Amino acid sequence: MEQGHGKEAAGWSTPSTEQCTDPYLRCAFNGAAQTALGVSGSALLAHSPQGCEYLVNNAFASQECDYMETITLCTKLCVDEIVHGGEDILARTIRDAKDLPISALFVISACGPEIVGDDIVSVCEALQPEVKFRLVPVPCAGFRGSQYDGIDIALDTIIKRLVKNNDEKIPGSVCLIAPHANANPTWIADLEWVRQVLLRMGVRVVATLTHRTPLSEIENMASAETSLLLSHDAGQKAADYLYAAYGTEQVGNGIPLPIGLTNTQRWLTALGERFDTQKIAEGMVAEGEKMVMATCRRKWPMARFLYRTPAAIIADATVGIPLVRFVTEEMEMTPELVALYTSQRSVQELLERELKSLRLSPKTVYGTDVYKTRMSLLEVKPRVVFGSTIERHACEGLPVAYVVEVVRMIRQFRMINREYFGYTGILNLFECVQNEWTMGWRSKERRYEAKW
Amino acid sequence: MENDSIVFHGNLQQLLEKVETGEMIPKLQASHAPMCKFFTAYYVISGIRHVVPLVHGPTGCPLYMSDFVRTRECCEIRGVPLEPTACTALDESHVIYGGEGKLLEAVKEAYAKYHPDLIVILSCCCSGIIGDDVESIAKEAEKLVGCRVLALRSEGFGGDFRSGYEDAFRLIMDLMEPPQKKMKGTINILGARWGPSPTEFNWDMDEIERLLSEIGIKVNAIIAGGCTVEQIRHAREVELNASWCYDWGQKLGDLMQERFGIPYSRTGQPYGPEATKEWLLGVATPLGMEEQALEVIGREMREVEPDLAYLRQALVGKTAIIEISEFPGPIRALSLARMAAEFGAHPVVINVHPYTIKERMPSIRFLLETGVNPEIVLTKGLFRLGSFRSSKETEDELEAIVKEYDNPIFFGNSGRFPPCPVVNLTLMNPAFQPQYGFKGIKNIAALVRQALENKDLPRSRLFRGMLYGTGTR
């Protein structure tokens with residue numbers, strides 16, 4: 001789905017139908033695994049052929065699980081189980097795992113067993129009396145959608161199966177939703193920043209859906225007065241359900257996440273208003289902006305030289321939408337291409353509002369894939385690209401001076417998690433630009449050997 | 001050996017017999033999960049340049065290929081251009097109504113988008129179960145586009161990881177055209193399978209190519225390690241097929257010999273002087289270039305003589321405990337065992353998973369025929385629930401086993417902490433690559449020297465704690 005600039009570019013034409021894609025996003029099974037692995041003290045059993053275990057490994061890394069604490073299992077289905085059904089082997093594997101010291105075992109089914117009709121819910125119900133931990137079946141075959149759909153499916157299961165009804169609300173409390181639906185490769189720092197903000201405002205986090213979240217917190221989630229969605233890509237359904245089922249009011253809905261000065265100010269102000277902590281919010285804004293400016297005065301970010309440089313943003317909506325304002329306002333570049341991995345209406349509406357407010361009219365691509373990204377880059381020819389390592393390689397042969405890698409996957413390894421949210425987040429993003437700026441000067445051709 | 005943790009203690013021949021009778025297959029379903037057939041088939045196909053591997057399935061299946069193989073391995077590490085990892089992105093409605101129509105359109109679209117030399121449709125679990133006829137679609141689609149379109153049934157459940165490699169190599173044979181001429185003194189190298197770049201580890205392949213070039217032998221194609229469709233078309237014009245590892249090229253080599261009469265040089269991995277010599281002569285002799293090969297071997301042997309002398313002196317009388325836990329497979333462990341024995345050490349191979357023995361029966365039998373039959377020890381930890389990662393249990397078992405042997409030296413990687421010198425043969429450290437051939441001998445000698453001369457230096461408490469938790473020795 002494309003808007004803005006014409007489709008024809010440099011002798012290439014974009015086929016009208018899209019039956020063949022080169023996706024950025026993984027399948028629903030992967031999203032469900034990411035969500036389940038955010039529950040601490042649990043294990044995950046993939047009811048799947050052994051290849052799907054690699055999707056679990058990817059999710060394991062994304063949630064920064066510790067292999068000494070979290071075990072992942074796989075039923076390793078083969079032809080026999082596809083022909084005759086795999087419920088027996090699932091039951092056997094659950095029994096094999098019965099001595100694990102865990103509070104819950106998430107059983108996630110992949111494409112194969114779902115198509116052949118394995119009923120993982122019934123198997124789990126039948127075996128529940130035999131094991132000490134909670135069995136949580138999550139039917140979430142890859143074909144059910146993207147990883148974000150998988151996150152929504154798993155959140156739905158977790159909330160409906162594990163949350164206990166509780167009429168008593170904890171005043172000034174919140175549950176955080178879908179922090180892991182965020183393409184910052186070290187999104188955990190974004191979550192941590194949010195927690196610090198809430199702590200300072202005196203807002204109690206009842207549960208996080210999900211990251212290192214004990215089962216007991218999930219069970220108690222209905223006592224949260226509010227919910228705070230930390231993604232523009234997934235989790236809205238969970239927030240809606242919590243409101244409908246438990247009256248949990250959503251805070252900060254409809255505004256971009258806190259990346260950049262203005263977005264952070266808006267977001268903190270919204271929280272301050274809801275929790276009656278305006279003064280604290282104002283203090284945080286003043287203090288944060290002062291810190292950023294003072295730091296920049298000392299470090300001199302080279303981003304200041306990129307004034308009105310045509311830029312492209314290729315990312316998930318969670319990072320991509322807030323980046324539009326940050327890139328435009330703080331760094332004074334001109335976004336000429338915004339390509340987002342997702343295409344749901346809420347994402348489109350939020351981006352359109354931002355663009356209108358900034359009086360920008362870049363080419364926008366929703367639900368982009370690698371091919372559409374490359375074609376859009378060919379067409380728009382930005383000078384700076386905010387994206388991932390994939391865009392670094394997709395820009396080969398184009399007059400792109402800098403590819404600033406900000407979303408998964410990125411070339412530079414981070415041992416320390418870095419947030420994009422909030423004020424330190426601004427500095428982290430400046431640092432990404434700065435390092436790329438330095439590399440941008442290096443010539444690949446002009447070399448000679450020193451004599452010594 | 002008295003040790004409760006030992007599940008098997010014998011030699012390779014005895015282990016093979018137990019595996020053949022099904023005695024050594026893990027009982028826990030969730031123990032040890034290597035890649036599925038789809039992944040390994042994809043690996044092979046993506047090793048052809050300008051190919052579109054078109055995955056007929058949901059978007060999860062190309063994940064590993066897209067993130068790890070394409071972007072990180074190929075683009076970032078090996079400097080190859082960004083190649084597509086295309087997918088039909090099947091959803092629930094396709095699962096119900098079938099995805100053949102979508103696939104046909106996807107092939108046409110892939111051709112229009114990427115202008116490839118070849119399109120290979122890879123089926124996965126979804127398309128396999130719902131019965132989409134990928135072969136017929138490939139035939140039909142080929143009439144509509146300007147390149148060959150092949151189909152590979154590679155459902156993840158449809159076979160073990162090895163069957164994916166083998167079926168993909170078999171499919172590649174369909175591209176080989178009847179020879180117009182013979183390319184004198186030219187070979188194919190078979191069995192590469194990690195994206196559009198030569199072999200898993202460039203340095204080893206570079207060493208092989210260097211030695212071949214010294215002898216005057218040319219390489220037509222490395223199949224499928226960055227070869228072109230054109231090179232594959234001419235693959236039958238070579239005089240001989242070879243592989244740097246008998247196991248990797250075995251299936252394709254045997255098939256090409258059977259079907260096209262092209263001989264396949266059966267040799268093991270060129271670790272150490274004897275195996276390297278055998279490898280080179282195994283290629284040069286059938287080509288009538290034995291004399292040139294012997295001259296190169298003589299020159300190279302003189303060059304590494306100080307290293308060989310050091311290795312003999314350093315390893316004679318020692319027990320070489322060999323464990324390959326990184327990219328686990330038995331062939332490398334057995335090749336190292338052979339090399340250790342050549343230098344006068346007694347090799348003991350620890351924890352080669354019976355699953356991997358089962359998957360490599362022909363190659364294991366070949367090694368046995370060539371006299372490789374080392375002592376093998378398997379421990380309980382190998383069969384534990386969970387994935388095949390470094391575990392505290394196998395670490396504890398390794399430490400206990402090492403104490404049972406005289407004068408032990410460990411050949412493995414630095415993720416292990418046995419109470420003896422550790423030769424860090426990791427493939428993740430470019431500082432000591434290649435390990436094949438004569439340059440490999442120099443590197444292995446340097447690694448053994450590091451292990452022995454620095455055996456009393458403290459090991460990392462940090463890395464040990466990271467791998468096995470605190471509270472250990």
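**Group meeting talk: helix crossings, ring pairs and odd backbone spots**

Okay, let's start with a single residue: A:K76 sits in the loop between β3 (72-74) and α3 (79-84) of chain A. Before I go on, please keep in mind that this is a predicted model. Now, what is phi of A:K76 near? It's near 50°, a positive value in a residue other than glycine. Why pick that out? Because most residues other than glycine have a negative phi, and most peptide bonds are trans. A:K76 is also buried, with a relative accessible area of 12%.

Chain B has a case to put beside that one. Phi of B:H50 is near 55°, again positive in a residue other than glycine. You'll find B:H50 in the loop between α2 (37-45) and β2 (51-56) of chain B. Is B:H50 buried or partly exposed? At 42% relative accessibility, B:H50 counts as partly exposed.

Let's stay with the backbone and look at cis peptide bonds. One of them joins A:L209 and A:T210, with omega at about -5°. A:T210 belongs to the loop between β7 (204-209) and α9 (215-219) of chain A. Over in chain B, a cis peptide bond joins B:Q433 and B:P434, and omega there is about 5°. B:P434 is in the loop between β13 (422-424) and α18 (437-453) of chain B.

Next up, aromatic rings. How many aromatic pairs does a search of the whole structure find? The count is 13 over all chains. Take A:Y24 and A:Y341: their ring centres are 4.4 Å apart and their planes are at 20°, so we call this pair stacked. And this pair links distant parts of the chain, 317 residues apart. A:Y24 is in the loop between β1 (2-3) and α1 (28-36) of chain A, while A:Y341 is in the loop between β11 (334-340) and α14 (345-358) of chain A. A:Y24 counts as buried at 9% relative accessibility, and A:Y341 is buried too, with 8% relative accessible area.

Here's another pair, A:F326 and A:F430. Their centres are 5.8 Å apart and the planes are at 45°, so this one is tilted. A:F326 lies in helix α13 (residues 317-330) of chain A and A:F430 in helix α17 (residues 422-440) of chain A, so the pair ties together parts that are 104 residues apart in sequence. Both A:F326 and A:F430 are buried. And for a cluster, look at A:Y54, B:F38, B:F39 and B:Y42, which are linked by ring pairs.

Last topic: helices that meet. In chain A, the axes of α1(A) and helix α2 (residues 53-62) come within 8 Å and cross at roughly 40°. That makes α1(A) oblique to α2(A), and the crossing is right-handed. On the α1(A) side, the contact is made by A:F29, A:N30, A:A33 and A:Q34; on the α2(A) side, by A:L55, A:V56, A:N58, A:A59 and A:S62. By class, that's 5 nonpolar, 4 polar and no charged residues.

Now chain B: helix α9 (residues 202-215) and helix α13 (residues 290-315) have axes that come within 8 Å and cross at roughly 125°. So α9(B) is oblique to α13(B), and α9(B) passes α13(B) in a right-handed crossing. From α9(B), B:R210, B:L211, B:E214 and B:I215 meet B:Q292, B:A293, B:V296, B:R299 and B:E300 in α13(B). What does this contact hold by class? It has 4 nonpolar, 1 polar and 4 charged residues.

How values were computed: Residues numbered from 1 in each chain as written. Chains lettered and ligands numbered in written order. Predicted model: local features only at pLDDT ≥ 70, side-chain atom pairs only at ≥ 80, totals over all residues. Heavy atoms only, no water. Axes fitted to C-alpha atoms, helices over the stretch in contact; angles between N-to-C directions. Helix = DSSP H or I, 4+ residues; strand = E, 2+ residues; numbered from the N terminus. Parallel < 35°, antiparallel > 145°, perpendicular 65-115°, else oblique. Left-handed = near helix turned anticlockwise from the far one by under 90°. Contact = heavy atoms within 4.5 Å. Nonpolar A, V, L, I, M, F, W, Y, C, P; charged D, E, K, R; others polar. Phe/Tyr/Trp six-rings, centres within 6.5 Å; stacked < 30°, edge-to-face > 60°. Buried < 20%, exposed > 50% of the residue type's maximum accessible area, 1.4 Å probe, protein only.
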